[in-house]
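Please open the model in your viewer and keep the selection panel at hand. The tour below goes from one selection to the next and says what is found at each stop.

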Amino acid sequence: MKNVIRTTCPYCGVGCGVLASPKGRIKGDPDHPANFGRLCSKGAALGETLSLDDRVLHPEINGARADWNTALDLVAARFSRAIRDHGPDSVAFYVSGQILTEDYYVANKLMKGFIGSANIDTNSRLCMASSVAGHRRAFGSDIVPGTYEDLDQADLVVLVGSNLAWCHPVLHQRIMAARKARPAMKLVVIDPRRTASAQGADLHLPIRPDGDSALFNLLLAEINARGAVNRDFLTRNVNGFDAALAAAAKASPAMTGLEDDAIKAFLDLWINTDNVVTIWSQGVNQSAHGTDKVGAIINCHLATGRIGRPGMGPFSVTGQPNAMGGREVGGLANMLACHLDIENPEHRHAVQEAWRAPTICTRPGLKAVDLFDACARGDIKALWIIGTNPAVSMPRADRVAAAIRHVPFTVVSDVTRTDTTRLADVVLPALAWGEKSGTVTNSERRISRQRAFLPAPGDARADWRIICDVAARMGWGDSFSYASVHEIFTEYAALSGVAAALGRDFDISGLSELTANEYAHLSPVQWPHPAPPRNGATTDGRFFEQGRFFHPDGKARMVPITAPAVGVPETGRFHLNTGRIRDQWHMMTRTGKSPRLGQHLAEPFTEIHPDDAAEMGVVAGDLVSLQGNGAGAVLRVLISDRIPAGQLFVPMHWSAENSRNGKVNPLIGAATDPVSGQPALKHGSVNATHFRAAWYGFAASLTPLAPPRGPEFPYGTIIRTETGHAIELAGTAPPDDWQALARKLLNLDTADASTLLDKARGTARIAFHRNGRLVGLFFAAPTPVELARAYAISLIGSDTPAGEALAGHPAAARPDPGRKVCACFNVGVNTLRAAILAGAHDAAALGRATAAGTNCGACKPELDALITTTLLQTAAE
Ligand code: SF4
């Protein structure tokens, strides 16, 4: 690749190195230690997400284009006025794990050191705040002790509440490769759902929601009962064992919802394997008991001394590319920069002095949920949201949107138009991935450069630059006069040396003297990276082999964990679990641009057990209405025995930008973890009913489409396709004129229409041509439309005549490939089934026959499942 730039993937916390070219060609970086050249389907499709459509390219005030000076003057004036009239705590920043460390650093410095409030929180609060709190409680600081190499070296990997195969695919592939090399290595998955990660695991434990603490308490009690406690490590390095054990003794198998045999198999494996890594992510964190779950896991590692040595340790993996950077830099409302504590006067003084700041916050600020509650109460007079979309991503999302609307002055800096930018008084155009420069930290504490390889479009500016420009207008120009990200980074690295001198763990002072050129060429580096070597970390990058924890006595603390008897009180018929799917990222503002990624699971859906589906009278492809927490959603039915009866799973990705009634987070209540403040986003309680629309529709178009508005459309989802856009629809009453409706939905006022109406069946099929070219197709029926969608989509833009296009399925000579399973090579489910029936009976053979699964490997669990079900079906026939 020519003109290649080394940068880092902007999606998950694995932090894969990427080689990118200005033409948008993307490859994995073979030299990056996080991925050694591998990318998952999302990373591999980054080149398809770089277009400027949907981008915010100019400052806007009340929806009208403005120049930068006017917009920045207004932002500075309104924040200054709010502070003058109502005090520093009347303003707030809500930032993001998507922004870079340097952006985070100046935002945090402005709020905590110059405005004098700690009202800056980040969407990382929604993702891993409970891990932060659990680490701090146990270790005295927010430290992930291990490294990715531990996944290669472990003899047992336990995934708790982590669908690693879909959410951190490159790490999952790394574990799979290690298992292939060492078949004795075991994988256990603890998750209510039998996820893609559980496919092929040695043991899957379908735990009751929030049953994790009880399971790890049972493990701790059994570690003690079997004499597996590492007394030497405990005596030298750990406090609190007896109290933790006494609390653990109260756990019962019934609290886990698991069979006794399954629990015993897990306890045997864990206790009899020295090299055990326990990985967790959102299934643990997004709970009203998240910090305790983290504590219960860490307790077992501390009791056995399985921490800080190769192939063992507790391992939290983060959701966002720079969630870790945000934690380090003080992006959370309850922390100062460099893991220093707001509550500690010595720490506050040190930071204030280093920043030469006029003030410093003296108490923690508002955490995300509390922050938006304060907005709703009218306590926040000026709010700045940077790089995140809380009107979709927060629990009670619709109420959060109303709360933002209630704030007298709201600024949103972002890259694209979102549900949240639509609520702003001022919108500021920020640089996107590929255009901006700085650093991020991944889940193993490795700091990597993100580098620009594209020019800044329109008037877009770097977030750090925008923040510094506002700070200057508020009167603090001297302290925010950075000429580059390099200057910010070296100041930050120097501050970490101050923190280290106060005994803190986060130390990158060895990077504080980097020249601009050295920063430009900085290779990925794991912290700590002190100026002179110091105690705390082993030389191989791990923490705690020799103890040396960060509580004042140098010891870790085991915490007594009271396992919850039940989860969130169930007010509805179903327990609702929310999460991610393989090929989408957060609110789809980037991955939604990739036609390849949109084909795996194209619509917002609810996964439902066959028994529940039968009780409800729904079949695959029907719609269901979910009601809970005073909100509703309408979703496609996906029937699967991977989810237990009585539970529903709904992905979190859809917003009002791309769907009508596809948002799930309004259904989630206000419960938060009492220690971390993290919302229990994975725990809702809903009722579900068959949603019987009067008609269902599917349309494809050459030109962009928008979700339909208005109560006559209870459902509508936009899908980006290789030939334009498609939309799935449902309506409350058939229109008088199908053609007029189709023209309106597809924006095709002037195209020639060919219409086939079957009044007896209530169906409509319409093809639109312009100059002989097929520019739109519309199908409607009283039941969900049966149609070869991939085929219909493929015709758009061609000269296919109406008669052929309206058939809705290909001629026998052109088989329909079906729903895409492999995003890298566009291999559909029908193609795969045909190859399996032709003799490809394992993933390797299927890869040779179709190429599926031979690039990123993220679809491999699905390929395995497809092979099994196809062969079983064949055997039963
Ligand atoms: Fe990006 Fe995928 Fe790597 Fe995560 S695993 S950093 S999404 S390429």
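**Around the ligand**

Begin by selecting the ligand in this predicted model, together with the residues around the ligand, namely Cys9, Tyr11, Cys12, Val14, Gly15, Cys16, Leu39, Cys40, Lys42, Gly43, Pro169 and Val170. If you colour the chain by element, helix H1 (41–44) and helix H7 (169–181) are the elements that give two or more residues to this shell. Colouring by residue character instead divides the shell into nine nonpolar, two polar and one charged.

**Salt bridges**

Next, turn to the charged side chains, for which the count comes to 44 salt bridges. Select Asp341 and Arg136, whose side chains meet in a salt bridge with an N to O distance of 2.8 Å. This pair links distant parts of the chain, 205 residues apart, since Asp341 sits in the loop between helix H14 (323–329) and helix H15 (345–355), whereas Arg136 belongs to helix H4 (residues 129–139). Arg136 is partly exposed, with a relative accessible area of 23%.

Move on to Arg236 and Asp232, which form a salt bridge whose closest N and O atoms are 3.1 Å apart. Because these two residues are four residues apart in helix H9 (residues 231–237), about one helical turn separates Arg236 from Asp232. Both ends of the bridge are partly exposed, Arg236 at 45% relative accessibility and Asp232 at 48%.

Now select Glu444 and Arg446, whose side chains also meet in a salt bridge, at 2.8 Å from N to O; here both Glu444 and Arg446 are buried. From there, select Asp53, Asp54, Lys593 and Arg720 as a group, which salt bridges with shared partners join into one network.

**The seven-stranded sheet**

For the last stop, display the open sheet of seven strands, which has the order E5-E4-E16-E15-E14-E6-E7 and mixed pairing. Strand E5 (64–65) and strand E7 (120–122) stand at the edges, and each has a single partner strand, so one side of each is left without a neighbour in the sheet.

Within the sheet, select strand E14 (residues 382–386) and strand E15 (residues 409–414), which run parallel and are joined by five bridges. To follow one of these bridges, pick Ile385 and look for its partner in E15, which is Val412. Finally, add helix H16 (residues 368–377), which packs on the sheet and touches strand E6 (91–95), E7 and E14. The direction of helix H16 makes about 135° with that of E6.

Conventions. Residues numbered from 1 in each chain as written. Predicted model: local features only at pLDDT ≥ 70, side-chain atom pairs only at ≥ 80, totals over all residues. Heavy atoms only, no water. Near = heavy atom within 4 Å. Nonpolar A, V, L, I, M, F, W, Y, C, P; charged D, E, K, R; others polar. Salt bridge = Lys/Arg side-chain N within 4 Å of Asp/Glu carboxyl O. Buried < 20%, exposed > 50% of the residue type's maximum accessible area, 1.4 Å probe, protein only. Pairing = 2+ DSSP bridges. Contact = heavy atoms within 4.5 Å. Axes fitted to C-alpha atoms, helices over the stretch in contact; angles between N-to-C directions.
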